[in-house]
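Reader: I've just opened this one and could use a guided tour. Can we take it piece by piece?

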Amino acid sequence: MKLLIITIIAFSALVKAEQLDSELRISPRLYFNLLKAGQEEVAIPHQFPHQVFYTTDKGTYCGGTIIRNDAILTAAHCVHGLKIPSLQVIPGVHNISSPEASWQIKISKAIKIHENYSPNTYKNDIAIVSFQYPFVLDGKILNQISLYDNKATNFTGTEATASGWGWRHDSRDSLSSELHYFTSKIIPNQKCRQVYNNEVTDSIVCLDQVPGKGACHIDAGGPLYIVENNKLYQLGIFSYGEQRGCTKGKPTAYTQIPAYIDWIKNNLPKY
Ligand SMILES: *[C@@H]1O[C@H](CO)[C@@H](O)[C@H](O)[C@H]1NC(C)=O
Ligand SMILES: *[C@@H]1O[C@H](CO)[C@@H](O)[C@H](O)[C@H]1NC(C)=O
């Protein structure tokens, strides 16, 4: 059931400042215009300025989100068993094969994994990675995400969007160099348990299957977004999907942020 996380990365030239400016002019307009359920698309550059991509000293790759200028949120299974400092985090990235002036590569200072994280069941699959030198958040190319904190909400039927640089199909050569996102509807956990059994705890939120699309390898640790009152929130962290393949039409499971909001607040490094 668990997704592994593997990829390759290449580097090339920088884009010019004026190109970035023209991209920024279009991005706020489309910012909340998330896709309709069932669709997947390439993000416009810096459409999700909270999203980061990172590489680890084990040669693995994952996603994460900026939750403070010196901390990112990600999945525990992405950073479990790593030495410190071991993460190279790249915020401000769109095409991971094409370095830009907006990249602010940072090396991690500390990794805080949930005390009750289980590598076998992926229970409590949440971690905070912090940095000695903060990111410069300009609110456009780089920003921090608002975390959804209302524990009482029933999300069933809500449209939610996941994003990442992961595989697009069930083959390694489908790795995408540009950030992709897709939207589907949240299903009740009872329905998700029909696929993943009791591993679907109440601290998970599941997104409905969309045949041929969905979160896959390397998307792990990345965000699940919802929009409420015209504001974008992170609701989940991509934790797992179907081991027989990401495009087999099975739901995907996300660590549910409202269930961990106190843990997050208590485990952010003190200034
Ligand atoms: C991403 O960057 C690489 C290297 O510059 C380039 O070859 C590739 O075409 C870019 N991908 C897209 C989809 O623009
Ligand atoms: C949320 O609503 C759905 C559909 O109305 C229902 O099936 C589900 O049990 C509810 N979930 C909770 C946790 O109450």
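Reader: Let's start with Gly92: is it buried or exposed?
Author: This is a predicted model, so everything here is computed from predicted coordinates. A residue counts as buried once 20 or more other C-beta atoms lie within 10 Å of its own. Gly92 has 24 of them within that distance, so it is buried.

Reader: Where is Gly92 found, and which residues does it touch?
Author: Gly92 sits in the loop between E5 and E6. Its C-alpha atom is 8.2 Å from that of His50, a residue 42 places away along the chain. Leaving out residues up to four places away in sequence, Gly92 touches Glu100, Ser102, Trp103, Gln104, Ile141 and Leu142.

Reader: How many bridges join E5 to E6?
Author: Strand E5 covers residues 87-91 and strand E6 covers residues 106-113. The two run antiparallel, and Gln88 stands opposite Ile107 in E6. The number of bridges joining them is two.

Reader: And Ile107 in E6, how does it count for burial?
Author: Ile107 has its C-alpha atom 5.5 Å from that of Leu87, although the two are 20 residues apart along the chain. Buried takes 20 or more C-beta neighbours and exposed takes 12 or fewer. Ile107 has 13 inside 10 Å, so it counts as partly exposed.

Reader: Which strands close into the barrel, and in what order?
Author: Six strands close into this barrel, and the pairing is antiparallel. Neighbouring strands of the sheet are turned by 40° against each other on average, direction ignored. The order is E2-E3-E4-E7-E6-E5.

Reader: What links E3 to E4 along the chain, and which residue in E4 is the bridge partner of Arg68?
Author: A hairpin joins E3 to E4 through two residues. Strand E3 (residues 61-68) and E4 run antiparallel, with three bridges between them. In E4, the partner of Arg68 is Ala71.

Reader: Which residue in E7 stands opposite Ala71?
Author: E4 also pairs with strand E7 (residues 127-131), in the antiparallel sense. Four bridges hold that pairing in the model. The residue opposite Ala71 in E7 is Ser130.

Reader: Which way do the residues of E4 point, and are they buried or exposed?
Author: In a regular strand the side chains alternate between the two faces of the sheet. Strand E4 (residues 71-74) has Ala71 and Leu73 pointing one way, with Ile72 and Thr74 pointing the other. On either side, these residues are buried.

Reader: Moving on to helix H3, which of its residues are buried, and why do they share a side?
Author: Helix H3 spans residues 189-196, and its buried residues include Asn189, Cys192 and Tyr196. They cover an arc of only 55° around the axis, and that puts them on the same side of H3. The face turned away from that buried side carries the exposed residues Gln190 and Gln194.

Reader: What do the buried residues of H3 pack against?
Author: Just after H3 comes Asn197, whose phi is positive, near 55°. As for the buried residues of H3, they pack against strand E10 (180-187), strand E11 (204-207) and strand E14 (252-256).

Reader: How many of the residues of E10 are buried?
Author: E10 has pairing partners to look at: strand E1 (residues 40-42) pairs with E10 in the antiparallel sense over three bridges, and strand E9 (residues 159-164) is joined to E10 by six. E11 runs antiparallel to E10 as well, with two bridges. E10 is largely enclosed by the rest of the structure, because its buried residues number six of the eight.

Reader: Which residues face each other in those pairings?
Author: Between E1 and E10, Glu41 stands opposite Tyr181. Between E9 and E10, Thr161 has Thr183 as its bridge partner. For Ile186 in E10, the partner in E11 is Leu207.

Reader: Last one: which helix has the lowest mean pLDDT?
Author: The protein chain has a mean pLDDT of 83, and 86% of its residues reach 70 or more. Over residues 1-31, though, pLDDT stays under 50. Where pLDDT is low, the predicted coordinates should not be read in detail. Among the elements of the chain, H4 has the highest mean, 98, and the lowest, 33, belongs to helix H1.

Note on methods: Residues numbered from 1 in each chain as written. Chains lettered and ligands numbered in written order. Predicted model: local features only at pLDDT ≥ 70, side-chain atom pairs only at ≥ 80, totals over all residues. Pairing = 2+ DSSP bridges. Axes fitted to C-alpha atoms, helices over the stretch in contact; angles between N-to-C directions. Arc of directions from axis to C-beta. Contact = placed C-beta atoms within 7 Å. pLDDT = per-residue confidence, 0-100.
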